[in-house]
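User: Hello! I would like a close look at a single part of this model, with its surroundings described step by step.

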Amino acid sequence: MFSAKFYKQNRSNVSKTTDVDIIVLTANGLVQKSADTTFKFKQDSNFWYLTGLDLAEATVVINKQTNTEYLILPPRLDHRDMWEGKIDESEVITNSGIKTVYAHDAGWDVLKKDITSNAKVGTILPARSYEPNYGMYINPAKLVFSKKIKRLAGKNIVDIRRNLAVLRQVKTTEEISYIKNAVNITADGFFELRKNIKNMNSEKDINIFLTHEFALKGANGHAYNPIIASGKNAATIHYEKNDAPLSHGSLLLMDVGAQYGHYAADISRTWSLGLPTKRQQQVFDAVYNVRQYALNLLKPGVILREYEKEVRTFMNSQLDNLGLIGKNKSEDQIKYYPHLTSHFLGIDVHDAGDYDTPLVANTVLTVEPGIYIPQENIGIRIEDDVLITPSGFNNLSDSIPTHLV
Ligand SMILES: [Mn+2]
C-alpha cells in the first residue's frame, strides 16, 4: 500500500492537465456471480490511481474552482453493514488523503450544487455497455454513473481518459518497485516450475503450481487469467482453458504474471517438452531474433507506433526465412503474428499510455514477439517486462532463461 501522498500527487497532476472546473470519477461496482454471490471486487484503475481505495461504487470529486476534494460513499442499507461490517470512514480518509467524506445522498446534493450551470466537468464515460471485441459487459456502476452525471452536467462534459493515460504511463519509484516485485515473484515461479516440470502431467498441474508459488511469495494472485498452452493450444493467442494433458515432444507456452499490490507482471516463456525438433528450434530462433531486435530499439524518444512498424518489417524477414510468407506478401504476416510487440504495463496488464508520443524514462512496457503456426502445432512467444531508463532500457525479467530446454 502506498502512502496517501501518491494519490494526492496524482490528483494534483491530473488537475493541472485540464482546464475543466470539476473532475468526477466513479469506482466500479460489485457484479453478480450467481444467485446472491458476487465476483471478487476489482477496482477501476483510474479511480484507484486517484484514491487508493478498493471501495465499490464510491465517487471522487476534485473541485478546482473551490480547491476542494471529497468522496461520496456508495448507497448502503443497514442490512449490508450488519452482514459485511460498516465502511471505516477514518480508514478511507487515511488511505486516500481526502479529508471530506459524504454519505451517498448528501454527497450527490453537494455535487449538484458544485456543478453550476457553466461548469465544465471532466470525467471518463464508457463508450458503450458491451465491448464486442472481448465479448464483455462494461461494469454497470459506470453506466449508472454516466446517466447521473449527464443529468447534472449535460453537454459540459470533457473526456479526461487520455490525461490520466499519459500520467499513468510514467511510473514513480514506488510504482516501479511494485512492478519489480511482481516480475520477481513471476520469475521465481518459472524457476521453481523448471525444477518440477517432470512431475507435471497437465496444463492444470502447472496452473495450480504457479498459482501456489505466487501466493507463497506474497502476490495478490494472478494479474490476468494465465495462459498455459501446450501443443496446438499454444497457437491460440489467448487460450485460457488450461486443462489439456501435456504430451512429450510438444511445445508449452506459458503467459503468466503475478500481481503485487495493484501492479502487474506479464511474462511469457515457451519450453519444449523433450528435445525440440529442428523446426521448433528454427521457429524459436526466429522469435528470439525479433526479441533482440525489438529490445535494441528501445530508449527514450522512441515512438511506439513507429517502433512497431520497424519490428514488423524485421519479423517479415524472419517469417520469410521460415518459408511462411513470400517476399512481397507482408500482409500474410498477420496470420502468424497477429498481436502487437509491446504494450504498457502497470496497474492494468494492458496499461494506459500513449503510443504516439516519444517514450520517456520510467515507462514500463512488454516486449513480446511470437510466431504461431497452427498447422504445425507450433506457438512460440517470448515476453519480457522492460523499464525505459534515461540511457536505454532495463529488462526486468532478464533473469528468466528464454531457451526451449
Ligand atoms: Mn502481454
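In which sense do strand β16 and β19 pair, and over how many bridges? Please take β19 as the centre of your answer and then work outwards.

Analyst: Happy to. Please keep in mind that this is a predicted model. Strand β16, residues 364-367, and β19 pair in the antiparallel sense, and four bridges link the two. Two of the facing positions can be named. T366 has D385 as its bridge partner in β19, and L365 stands opposite V386 in β19.

β19 also pairs with strand β20, which covers residues 392-395; this pairing is antiparallel too and again runs over four bridges. Here L387 is the residue that stands opposite N394 in β20. The connection between β19 and β20 is a hairpin, made through two residues.

Put together, these strands give an open sheet of three, in the order β16-β19-β20, with antiparallel pairing. β16 and β20 stand at the edges with a single partner strand each, so one side of each has no neighbour in the sheet. If you ignore direction, neighbouring strands of this sheet are turned against each other by 40 degrees on average.

Now to the surroundings of β19 itself, which spans residues 384-389. The strand is mostly covered, with six of its six residues buried. Looking at the two faces separately, D384, V386 and I388 lie on one side, while D385, L387 and T389 lie on the other, and all of them are buried. V386, the residue opposite L365, therefore belongs with D384 and I388 on a covered face, whereas D385, the partner of T366, shares the other covered face with L387 and T389.

A useful step outwards from β16 goes through A294, a residue of helix α10 (residues 278-297). A294 touches V367, and its other contacts are Y307, V311 and T341, leaving aside residues up to four places away in sequence. With a relative accessibility of 0%, A294 counts as buried, because the limit for that class is under 20%. For a sense of scale, A294 and I149 are separated by 145 residues in sequence and by 44 Å in space, C-alpha to C-alpha.

For a second sheet to set beside this one, look at the open sheet of six strands in the order β6-β5-β4-β1-β7-β10, where the pairing is mixed. Its edges are β6 (100-102) and β10 (157-159); each has a single partner strand, so one side of each is left without a neighbour in the sheet. From one strand to the next, the twist averages 25 degrees. β7, residues 121-123, pairs with β10 in the parallel sense over three bridges, and G122 has V158 as its bridge partner in β10.

Finally, a word on a helix pair. Helix α1 (residues 4-16) and helix α7 (residues 161-169) have axes that come within 10 Å and cross at roughly 130 degrees, which makes α1 oblique to α7. The crossing of α1 past α7 is right-handed. N10, N13 and V14 of α1 make the contact with N163, L164 and L167 of α7. Sorted by class, that contact has three nonpolar and three polar residues, and no charged ones.

Definitions and conventions:
Residues are numbered from 1 along each chain as its sequence is written. This is a predicted model: local features need pLDDT of at least 70, side-chain atom pairs count only at pLDDT 80 or more; totals for chains, interfaces and linings use all residues. Side-chain values use heavy atoms; hydrogens and water are left out. Axes are lines fitted to C-alpha atoms, for helices over the stretch in contact, and angles run from 0 to 180 degrees between N-to-C directions. Angles under 35 degrees count as roughly parallel, over 145 as roughly antiparallel, 65 to 115 as roughly perpendicular and the rest as oblique. A crossing is left-handed if the near helix is turned anticlockwise from the far one by less than a right angle, and right-handed if clockwise. Contact means heavy atoms within 4.5 Å. Ala, Val, Leu, Ile, Met, Phe, Trp, Tyr, Cys and Pro count as nonpolar, Asp, Glu, Lys and Arg as charged, and the others, Gly among them, as polar. Buried means under 20% relative accessible area, exposed over 50%, partly exposed in between (1.4 Å probe, protein chains only). Two strands pair if DSSP finds at least two bridges between them.
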